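Open the structure in your viewer and follow the stops below in order. At each stop, select what is named and then read what is there.

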Amino acid sequence: MLDGFTEFDVAVSATTIHGRRGGSGPPLLLLHGFPETHLMWHRVAPALAREHTVVLADLRGNGGSGAPPSSPDHAPYSMQALANDQVELMQAFGFERFGVAGHDRGARCAYRMALDHPAVVDRLALLDVVPTGDAFDSAGMDFALGFWVWSFLAAPYPVPERLIEGAPAVLVDYALDHWGEDPAAFPPDVRAAYAEHLSRPATIHAICEQYRAAATLDYAADSRDRGTRRIECAVLVLWSAGGAVAAWYDVLDVWRQWARDVQGRSIAAGHFLPEEAPGEVGAALRAFFAG
């Protein structure tokens with residue numbers, strides 16, 4: 001898995017970021033979602049690495065990256081803080097401008113990076129998300145029941161932490177099997193890696209803090225920026241044809257309120273697009289990041 005990619009641990013201002021790097025050419029940063037790590041890109045990254053220097057990074061508090069202490073306002077786990085880590089990581093590799101693709105939580109980090117660091121992000125791909133603020137503002141009964149993890153993980157400490165510690169594999173398997181459409185896309189070794197990552201108390205707390213920050217600081221940032229700031233670079237949006245994002249939102253219309261140049265389409269797969277439809281996702285990303 002990810003043969004030819006070299007592991008790294010790079011110190012940034014607030015923590016250490018872990019991941020893998022491979023290939024050559026224009027730099028491309030790939031960011032993962034919940035409940036996964038950078039390994040979620042293992043079926044897409046090798047093809048991208050034929051034309052790009054591909055950096056697969058674990059978000060702060062996830063996978064092998066550091067999990068610094070949080071604070072009462074959850075600021076260390078806001079998407080602004082996570083985006084700053086990734087900008088510093090790419091700068092450490094000598095990349096002052098680069099493409100970014102993110103899935104799920106990684107997409108939220110990626111679009112915040114494009115808003116806060118417009119000179120850094122060359123092109124932006126967002127997989128199966130709408131902005132955090134839009135999601136909360138339009139939330140209703142379907143959202144409460146379908147995206148229950150947003151409320152569960154954001155619940156006060158230590159309730160979700162203690163419950164997850166008791167059976168991390170249950171949460172991982174539920175997410176992969178119910179949010180995805182093809183359980184066979186997640187082989188046992190990948191499932192085990194995700195469950196191991198979600199079994200460490202520091203990681204569990206960091207992930208919960210991310211969701212607490214989403215409901216407070218990230219929501220406030222989106223509310224502040226909506227209609228006043230726009231993503232300047234070209235944006236590609238891909239989403240699951242049969243998933244909640246497709247059912248609840250006019251995806252392109254939502255993102256066109258945030259960015260000047262948006263293209264995209266649905267893909268016949270579940271939420272975990274890079275693992276469930278790697279050929280189609282890889283081809284779309286290669287074409288988009290080729291410019």
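Begin by selecting Phe136, Phe143, Phe147, Trp150, Tyr219, Trp248 and Tyr249, which ring pairs link into a cluster. The model you are looking at is predicted. A search of the whole structure finds 20 aromatic pairs. In one of them, Phe147 and Trp150 are stacked, with 5.9 Å from centre to centre and 15° between the planes. Trp150 counts as buried because its relative accessible area is 8%, and the cut-off for buried is under 20%.

**A pair across the chain**

Next, select Phe34 and Trp179. How do these two rings sit to each other? Phe34 and Trp179 form a tilted aromatic pair, 6.3 Å centre to centre and with 45° between the planes. This pair links distant parts of the chain: Phe34 is in the loop between β3 (27-31) and α1 (45-48), Trp179 is in helix α8, and the two positions lie 145 residues apart in sequence count. Phe34 is buried, at 3% relative accessibility.

Stay at Phe34 and add the residue that follows, Pro35. The peptide bond from Phe34 to Pro35 is cis, with omega near 5°. Pro35, too, is in the loop between β3 and α1. Most peptide bonds are trans. For a second cis bond, go to Tyr157 and Pro158, where omega is again near 5°. Pro158 belongs to the loop between α6 and α7.

**Helix α8**

Now select residues 168-179, which make up helix α8. The twelve residues should span 16 Å at 1.5 Å a residue, and the end C-alpha atoms are 16 Å apart, so the two values agree. Which residues of α8 are buried? Colour Pro168, Leu171, Val172, Ala175 and Leu176: these are the buried ones. They lie on the same side of α8, because they cover an arc of only 120° around the axis. An α-helix has 3.6 residues a turn, so residues three or four places apart point the same way. Turn the helix to its other side to find Val170 and His178, which are exposed. To see what covers the buried residues of α8, show α6 (148-153), α7 (159-166) and α9, which are among the covering elements.

**Tyr194 in helix α9**

From α8, move to helix α9 (residues 188-197) and select Tyr194 within this helix. Is Tyr194 buried or exposed? Tyr194 is buried, since its relative accessible area is 0%. Leaving aside residues up to four places away in sequence, Tyr194 touches Pro35, Glu36, Thr37, Leu39, Met40, Val172, Leu176 and Glu275. Pro35 in this list is the residue with the cis bond from Phe34, while Val172 and Leu176 are among the buried residues of α8. Also draw a distance from Tyr194 to Ala169: the C-alpha atoms are 8.1 Å apart in space, and the residues are 25 apart in sequence.

**Strand β7 and its partners**

Select residues 231-240, strand β7, in which nine of the ten residues are buried. Then show strand β6 (residues 121-127), which pairs with β7 in the parallel sense over five bridges. Within this pairing, Arg123 has Ala234 in β7 as its bridge partner. Add strand β8 (residues 259-267), which runs parallel to β7 and is joined to β7 by eight bridges. Here Val237 is opposite Gly264 in β8.

Go back to Arg123 and show its side chain: the charged end sits over the ring of Phe288, 4.8 Å from the ring's centre. A similar arrangement can be found at Arg105, which lies over the face of Tyr211, 4.0 Å from the ring centre.

**Positive phi angles**

The last stop concerns backbone angles. Most residues other than glycine have a negative phi. Select Asp104, which is not a glycine but has a positive phi of about 55°. Asp104 lies in the loop between β5 (98-103) and α3 (105-116), and counts as buried at 11% relative accessibility. Then select Leu2, also not a glycine, with a positive phi of about 55°. Leu2 is in the segment before β1 (6-11) and is buried, with 5% relative accessibility. Finish at Gly94, just after α2, where phi is positive at about 90°.

Technical notes: Residues are numbered from 1 along each chain as its sequence is written. This is a predicted model: local features need pLDDT of at least 70, side-chain atom pairs count only at pLDDT 80 or more; totals for chains, interfaces and linings use all residues. Side-chain values use heavy atoms; hydrogens and water are left out. Buried means under 20% relative accessible area, exposed over 50%, partly exposed in between (1.4 Å probe, protein chains only). Helices (H or I, at least four residues) and strands (E, at least two) are DSSP runs, numbered from the N terminus. Two strands pair if DSSP finds at least two bridges between them. Contact means heavy atoms within 4.5 Å. The expected span of a helix is 1.5 Å times one less than its number of residues. The arc is that of the directions from the helix axis to the C-beta atoms. Rings of Phe, Tyr and Trp (its six-membered ring) pair if their centres lie within 6.5 Å; planes under 30 degrees apart count as stacked, over 60 as edge-to-face and the rest as tilted. A charge sits over a ring if NZ of Lys or CZ of Arg is within 6 Å of the ring centre and within 35 degrees of the ring normal.
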